[in-house]
Amino acid sequence: MTLQQVKDILKAEVLVGNDQMGRVVTSGFGCDLMSDVLAFAPPGALLLTGITNAQVVRAAQMVDAAAVVFVRGKRPLPTEPVLEMAKDIRLPLLTTRYLLYDSCGLLYCAGLKGCTEDGGRQGAE
Amino acid sequence: MDFVSAGDAAAKVKKTLIQVGMPDGVVRRAAIATYEAEMNIVIHAREGAIKASITSDQVEIVATDVGPGITDISLAMQEGYSTAPPHIREMGFGAGMGLPNIKRCADELDIQSEVGKGTQVRIIIKRSGEGQ
């Protein structure tokens, strides 16, 4: 799935990386705990979170996440250099009004798999 | 505590490992382990330093801090155990995954700590290693 598709499905606004909407995301990971991101998110994942501080960018950078979507209409505080940090490492940031569960559900139904070994599909078929 | 610039050291380590041509898996494991060690220093210690030594076959990360130390290392190694304050948890950390995450990434891990003085965490990540 491309970021353009993610943007369309979530009716999202692009905060950083308008020129990178062709980037492919290989899985989705919804989480507000950055240590869990570090433990479980594979490279190329789309990180969906309600946390908007600088450490989200750092955690995404460490696990080679493809992009970050802020849910619940959240966006970084202007007092924190989050957007600048993301621009520096070319990490796309988006924001959507959908809640975390809704966002993940919409993307999953559109074909974006999860990060568990079976893609989160066990028992769902 | 400078929560905004936390992660700068890990970012530098990651960038350097990419520049010297380390395999992606080694870069990822070293970056995650360094970042968790760095966050532990920022969250818990008064001051600290991270030193990375890179050779052709391994990466060694040594994180040394002056701080409260760890009372029970085996307890701190358990997932879910944390002494981080609430305001750290609200920022997405302090879930008790730091040291377990480091262990998961490391081929060798040694923790020396003295209560009231500080902690040294030594992490080895081998090019041929099997860590996640």
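This report walks through the two chains of a predicted model, one after the other, and then looks at a few residues up close.

## Chain A: the elements

Let's begin with chain A. Its secondary structure consists of five helices and five strands. If you follow the chain from the N terminus, these elements come in the order α-β-β-α-β-α-β-α-β-α. Chain A has a radius of gyration of 13 Å, while the globule rule gives 14 Å for 125 residues; the two values are close, so chain A is as compact as a globular protein of that length.

Try lining up the model with the principal axes of chain A. Along them, the C-alpha atoms fill a box of roughly 45 × 30 × 25 Å.

## Chain A: inside and outside

How much of chain A is buried? Of its 125 residues, 51% count as buried. Contacts also tell us how the chain folds back on itself: taking those between residues at least 6 apart in sequence, 55% join residues at least 24 apart.

On the outside, chain A exposes about 5,800 Å², and carbon and sulfur atoms supply 54% of that area. Chain A also carries 12 positive and 13 negative charges, and the mean positions of the two groups are 6 Å apart.

## Chain B: the elements

Now for chain B, which has five helices and four strands. Reading along the sequence, you meet them in the pattern α-α-β-β-α-α-α-β-β. What does the radius of gyration say about chain B? A compact globule of 132 residues would have a value near 14 Å, and chain B agrees with this because its own value is 14 Å.

The C-alpha trace of chain B spans about 40 × 30 × 25 Å along its principal axes.

## Chain B: inside and outside

In chain B, 42% of the 132 residues are buried. Among contacts between residues at least 6 apart in sequence, 60% link residues at least 24 apart.

The accessible surface of chain B is about 6,500 Å², with 49% belonging to carbon and sulfur atoms. Its side chains include 14 positive and 17 negative ones, and the centres of these two sets lie 3 Å apart.

## An aromatic pair in chain B

Here is a nice detail to find in the structure. Over all chains, there is one aromatic pair. The partners are Tyr35(B) and Phe93(B): their ring centres are 6.0 Å apart and their planes meet at 75°, so the pair is edge-to-face. Tyr35(B) sits in helix α2 (residues 24–44), whereas Phe93(B) belongs to the loop between α4 (86–89) and α5 (98–105), so the pair ties together parts of chain B that are 58 residues apart in sequence.

Is Tyr35(B) buried or exposed? Tyr35(B) is buried, because its relative accessible area is 0% and the cut-off for buried is under 20%. Phe93(B) counts as buried too, at 2% relative accessibility.

## A residue that touches both chains

For a last stop, go back to chain A and look for Gln61(A) in helix α3 (residues 54–62). Gln61(A) has a relative accessibility of 15%, so it counts as buried.

Which residues is Gln61(A) in contact with, leaving aside its neighbours within four places in sequence? They are Ile89(A), Ala11(B) and Lys14(B). In this list, Ile89(A) belongs to chain A, while Ala11(B) and Lys14(B) belong to chain B.

Note on methods
Residues are numbered from 1 along each chain as its sequence is written. Chains are lettered from A and ligands numbered from 1 in the order in which they are written. This is a predicted model: local features need pLDDT of at least 70, side-chain atom pairs count only at pLDDT 80 or more; totals for chains, interfaces and linings use all residues. Side-chain values use heavy atoms; hydrogens and water are left out. Helices (H or I, at least four residues) and strands (E, at least two) are DSSP runs, numbered from the N terminus. The radius of gyration is taken over C-alpha atoms; the globule rule is 2.2 Å times the number of residues to the power 0.38. Buried means under 20% relative accessible area, exposed over 50%, partly exposed in between (1.4 Å probe, protein chains only). Contact means heavy atoms within 4.5 Å. Accessible areas come from the Shrake-Rupley method with a 1.4 Å probe; for residues, only the protein chains shown count as cover. Lys and Arg count as positive and Asp and Glu as negative; His and the chain ends are not counted. The place of a charge is taken as NZ of Lys, CZ of Arg, CG of Asp or CD of Glu. Rings of Phe, Tyr and Trp (its six-membered ring) pair if their centres lie within 6.5 Å; planes under 30 degrees apart count as stacked, over 60 as edge-to-face and the rest as tilted.
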